[in-house]
Number of protein chains: 4
Amino acid sequence: MSELRIAVVGAGQMGADHINRITERIVGARVSVVVEPDVARGAAAAALAPGAVALTSFTEALQRDDIDAVLVATPGQFHETVLLPALAAGLPILCEKPLTQDPVSSLRVLAAEEATGKQLIQVGFMRRFDREYAQLRALIESDRTGALLALHCAHRNPTTGEGYTDSMLITDSVVHEIDVVRFLTDSPIVAVEVKRPKRNSLAPSWLNDPILVLLETESGILADVEMNVNIQFGYQVRTEAVFEKGVAEIGRTAGLTLWQDGQYGGAEHTTFKTRFADAYDAQIQRWVTATKKGEIDGPSAWDGYLVAAACEAGVRAQETGERVEVQYVPRPAFYSSGRAIPVTV
Amino acid sequence: MSELRIAVVGAGQMGADHINRITERIVGARVSVVVEPDVARGAAAAALAPGAVALTSFTEALQRDDIDAVLVATPGQFHETVLLPALAAGLPILCEKPLTQDPVSSLRVLAAEEATGKQLIQVGFMRRFDREYAQLRALIESDRTGALLALHCAHRNPTTGEGYTDSMLITDSVVHEIDVVRFLTDSPIVAVEVKRPKRNSLAPSWLNDPILVLLETESGILADVEMNVNIQFGYQVRTEAVFEKGVAEIGRTAGLTLWQDGQYGGAEHTTFKTRFADAYDAQIQRWVTATKKGEIDGPSAWDGYLVAAACEAGVRAQETGERVEVQYVPRPAFYSSGRAIPVTV
Amino acid sequence: MSELRIAVVGAGQMGADHINRITERIVGARVSVVVEPDVARGAAAAALAPGAVALTSFTEALQRDDIDAVLVATPGQFHETVLLPALAAGLPILCEKPLTQDPVSSLRVLAAEEATGKQLIQVGFMRRFDREYAQLRALIESDRTGALLALHCAHRNPTTGEGYTDSMLITDSVVHEIDVVRFLTDSPIVAVEVKRPKRNSLAPSWLNDPILVLLETESGILADVEMNVNIQFGYQVRTEAVFEKGVAEIGRTAGLTLWQDGQYGGAEHTTFKTRFADAYDAQIQRWVTATKKGEIDGPSAWDGYLVAAACEAGVRAQETGERVEVQYVPRPAFYSSGRAIPVTV
Amino acid sequence: MSELRIAVVGAGQMGADHINRITERIVGARVSVVVEPDVARGAAAAALAPGAVALTSFTEALQRDDIDAVLVATPGQFHETVLLPALAAGLPILCEKPLTQDPVSSLRVLAAEEATGKQLIQVGFMRRFDREYAQLRALIESDRTGALLALHCAHRNPTTGEGYTDSMLITDSVVHEIDVVRFLTDSPIVAVEVKRPKRNSLAPSWLNDPILVLLETESGILADVEMNVNIQFGYQVRTEAVFEKGVAEIGRTAGLTLWQDGQYGGAEHTTFKTRFADAYDAQIQRWVTATKKGEIDGPSAWDGYLVAAACEAGVRAQETGERVEVQYVPRPAFYSSGRAIPVTV
């Protein structure tokens, strides 16, 4: 299979984001079909992916032969009605969280998946793919700081929209921590309790926001979660892990920070390959995209010449210990188009 | 053009990295040809890119019809001999830094490019694509902290190999700062001076390492560059920019930090789209790759069910103010294969 | 009153610390009497304060005429027996926390104090005098980030001794947060709940450590307190304050950090008077102490000469743009005693 | 000698600061005489120190019998005229930096000191008493990160006054780094060079500000100093030390930070004695001061009672696992004066 052809079901904000992502940043896949009942929205979303068609019915989509996999991005209450026929069709599925909105319907989906004889569904708890969560998980597994005892989580959003209700604090937001606490502790959650700090007067009148949620795992770890959806200042998801011999924190501004043995600290790069990994990728991707349009999008040969001349002066300065002036030829008109330095980032 | 077919010339460390990058992370391009005189190395590198062929001669490569663009990753002394025929063939080129190793040969390349009537060469100064350099450049252009006056740069590598010589401190390493200082200041470098701190006794005996390089721009900005290639502890590239009304620093551990108006600080996320951008990309990319192999590589439907059950308990806890225990069905054998939580990152 | 003459009652670790502090760092006071039943310990403690006498009985101490005030540093169970006669004698008192170990005895102390007609007791909740707590309190009062909604506190000790019991987690340790939460919120605590994370296997077998304590204030603010007394890595007291429009944290490594308006940050100095306040104080104090012994304890006149010579060269370098070598006279034998640079800090 | 009686010569900003410091924070010393030609200024300064007299002539001061030591805080050009008679009188001296303004006059002072047969002068390079400089010096001496190779210093002031001239960039400001570089390297400075970054347009028209000063030590260490006196944003003095195996920085916001072995980090407290050292001192000092006035200045017995009641509830909550409400007696009128929580910091 040279390219995975994906049907994206649901073209709201998350669906459109995923279409864009698959088209611009994901290797080996493309969106072949967009399913969206709102015709205008479906057409706009399909336009993001060259070659994609917009349909209003998932049943119709299932009759086509250009779908290798399904990405479910509808609102949660419609997940089951997409998952069941997709499973029946034997298609691999990436389902945005939650799987479904209650455990009874989730069990129906599990039964349908089991009936296919093969695990086909992946659920979109994307935090498991975040570098800092992965670092924290690795630290927990390493036993370097002793056993994990407790987690302090904070999940903060600037504001919420009109449709956001009290129960969504749990089902739409804490849902991430519920998965992540189990991911980090490798132990299911056995009890939940919800406490109320002072209410934020800037929250919509119908919301009791923020809340403090206590999650207990079977292994005895206690996680407290501050869920806060109208905190104005920004979006912040941080976790502080309390170990027998130290404390680690992720989600601030500096990667994983560890307190241990009378010290705090974090990792420094040890190679340019990690320090500039994103820059290398961006450079090549932008060059590829520009080249297809017959353009360049980065330093030109003229930039290369200027550097060569300054390097030559630099080596002479190094050898002589003197200040060396750099000599340049005049800039040819051929290289004078546009700005001296292209805006590359 | 559906996919840009790239000939990578030179299959050393950088060439192999680029082949890997184009194959696994770059959308809309693939490596069609690898040119490398060392047959074994060329074959190994070509094996990284499905469908790529390995050749020993660039001349031979130019006779094929499956090359849309050229990526030059040979040692710098061979750049000109690749660039000139590639230009003659009218091919777009991404040339690893430096363009060439001296200004005279660079001028020959410029003349050859101008003769094609079109700018075809982009030089691989990848730092211009780094997020923090871009933020610093934007800050400089914004005039928010007044004019830029000086730059303090440090470029630190843990160790160097056998072939690394004194002049390479300039031509292989400071070369990056030479481009970046001009990128940041939008002004060419007019003079260079090299000073000697105490020599690092851990450096190879033939190296005068570290050095302090002073770069003066036409606009009067003075940049000092600590170039240090045997500092053991890690790889670090930091720049401190001194403005009329403040100071900004990049390359530490926390993104751009700005000192202004009696405060220091930096940017916090304001949306999950930036905070978890990489996690979303990684999730989809890994799902695509796994799906093509008939696997899943992330949270399963069983994980989805566990979360649904805990959320239901959470909403009840929220409504009642009580501690609510979570009830789960036993784990079906169908979902028991492998670890409870797949290693996803 | 030129000097406040203090009787320190109790010469254990805290008592001895206070004797030392009053003698070496507190202006306008001295320890005149040390009361301690253990004769050897009392004598050792009194030896820390020139002129102090050691007694075994507080009753005896009260008959002397060289006591202006009392500092109570006995174990908590003896506070009341010291406080009542000290109040009866009309003496001002600084009482280490807690006032007493239960509210009934505290009320007896209050009644005795009221009977004197004057507030004589100050309780040793020293965190109120910590700079960062004061900054946080000022931020709360400023309303700059909206109302305070919740507090996340962590109080971590490396290890505990033999006599430390489960209830002391509250009465000896959380006691600080109980005062501080009220100090910060200006509202009394109306309810308490204690939760159990996983037990630290490195804690003594009789301790359920750590605990998570939930404190509710009359004003509706919820404070969660991680109390943790065997966490090995160090001593850390941090508080994160959650506001309507932002978050602030104290007790890490960089003073108060504030997240607001899409930024995080903190205060930078704006004058040498704050940046080097402690250094100036230390310099003068050490000079005073050394001078009394006929010594100097800092840079000498020779150091001053070396700087004058280098400055002269510096001004010439500034005027000429040249590298200027500094000329020194040979070091006189008079200045050669000791190390070239005295160990001053 | 119970109290060192100090004559402060010069009652400008620094002199007045020192008078205040000695009076309020220095143990075992008091200001007995203030010498200041400006009568009003001298009287105002003397009023800061109970018992101090203001004189206009240092000669007159030297005839008194209440002077044990001299603190010289006049402008630098008058230092010699104070130092010589003070030395002749055999008095210990703390002389604000610089010793004198040129090496020839410094040598005259050295000769006069040697003639007394005893080192009497300490020069006020107070940075040697700063905790972070001391930490950096200790790191350098420890050889933990290999030999020191280079120093990058920045000395930034927000603005300068009218009388500040170009040469004062060296003699008044870089003078500190000149001493500190020698203090850190234990090696005299053998050459100086001054470079010019772009001029700050916000500096007074007569100033070439900032400058970059290169200091070479006899031991081969190169220190670059950014001297910057109109940078508006704040006051910042930072030093980055480059070692053979790592880098350390002081003067930012988080104490000494060290990069070594692929990690960055710093020290965490390991005891409350360091974490709250300043708070303990402040508490006792404020209590002493208030007690002398018949007041209290901190938590009262009522505060102590509130804590005792909440602790009792806390222990019950700990024992029962239940939420426990706290019961308080009504606040007696006796404790209702003033605010519920005194402003203590």
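Let me start with helix α10 of chain D, which covers residues 301-320 and holds both D:W302 and D:Y305, placed three residues apart, or about one turn of the helix. Please keep in mind throughout that what we are looking at is a predicted model.

Both of these residues have little accessible area: D:W302 counts as buried at 3% relative accessibility, and D:Y305 likewise counts as buried, at 2%. I say buried here because the cut-off for that word is a relative accessible area under 20%.

How do the rings of D:W302 and D:Y305 sit against each other? They form an aromatic pair with 5.1 Å from centre to centre, and since the planes are 40 degrees apart, a value that falls between the limits of 30 and 60 degrees, the pair is classed as tilted.

If we now turn to chain B, we find a pair with another geometry, namely B:F334 with B:Y335, which is edge-to-face, with 80 degrees between the planes and 4.8 Å centre to centre. Here B:Y335 is buried, with a relative accessible area of 2%, and B:F334 is buried as well, although its value is 18%, which lies under the 20% cut-off. Over all chains, the structure holds 16 aromatic pairs.

In chain A, the residues carrying these numbers come together in a single group: A:W302, A:Y305, A:F334 and A:Y335, along with A:Y328, form one aromatic cluster.

Rings also meet charges in this model. In chain D, the charged end of D:R137 sits over the ring of D:F183, at 4.6 Å from its centre, and in chain C, the residue C:R137 lies over the face of C:F183, with 4.6 Å to the ring centre.

That brings me to chains C and D as a pair. What rotation superposes chain D on chain C? It is one of 180 degrees, with 0.0 Å of shift along its axis and an RMSD of 0.0 Å, and the two copies are therefore related as by a two-fold rotation axis. As for their contacts, 100% of the interface residues of chain D are also interface residues in chain C, which means that the copies meet through the same surface.

Finally, a word on annotation, which I would treat with some care: an unreviewed UniProt entry lists residues 133-248 of chain A as "domain: GFO/IDH/MocA-like oxidoreductase". In the model, that span of chain A is 26% helix and 35% strand, and the C-alpha atoms at its two ends lie 11 Å apart.

Key. Residues numbered from 1 in each chain as written. Chains lettered and ligands numbered in written order. Predicted model: local features only at pLDDT ≥ 70, side-chain atom pairs only at ≥ 80, totals over all residues. Heavy atoms only, no water. Phe/Tyr/Trp six-rings, centres within 6.5 Å; stacked < 30°, edge-to-face > 60°. Buried < 20%, exposed > 50% of the residue type's maximum accessible area, 1.4 Å probe, protein only. Helix = DSSP H or I, 4+ residues; strand = E, 2+ residues; numbered from the N terminus. Lys NZ or Arg CZ within 6 Å of the ring centre and 35° of its normal. Least-squares fit on C-alpha atoms with pLDDT ≥ 70 in both. Contact = heavy atoms within 4.5 Å. UniProt positions renumbered as here; feature names shortened; annotations may be inferred.
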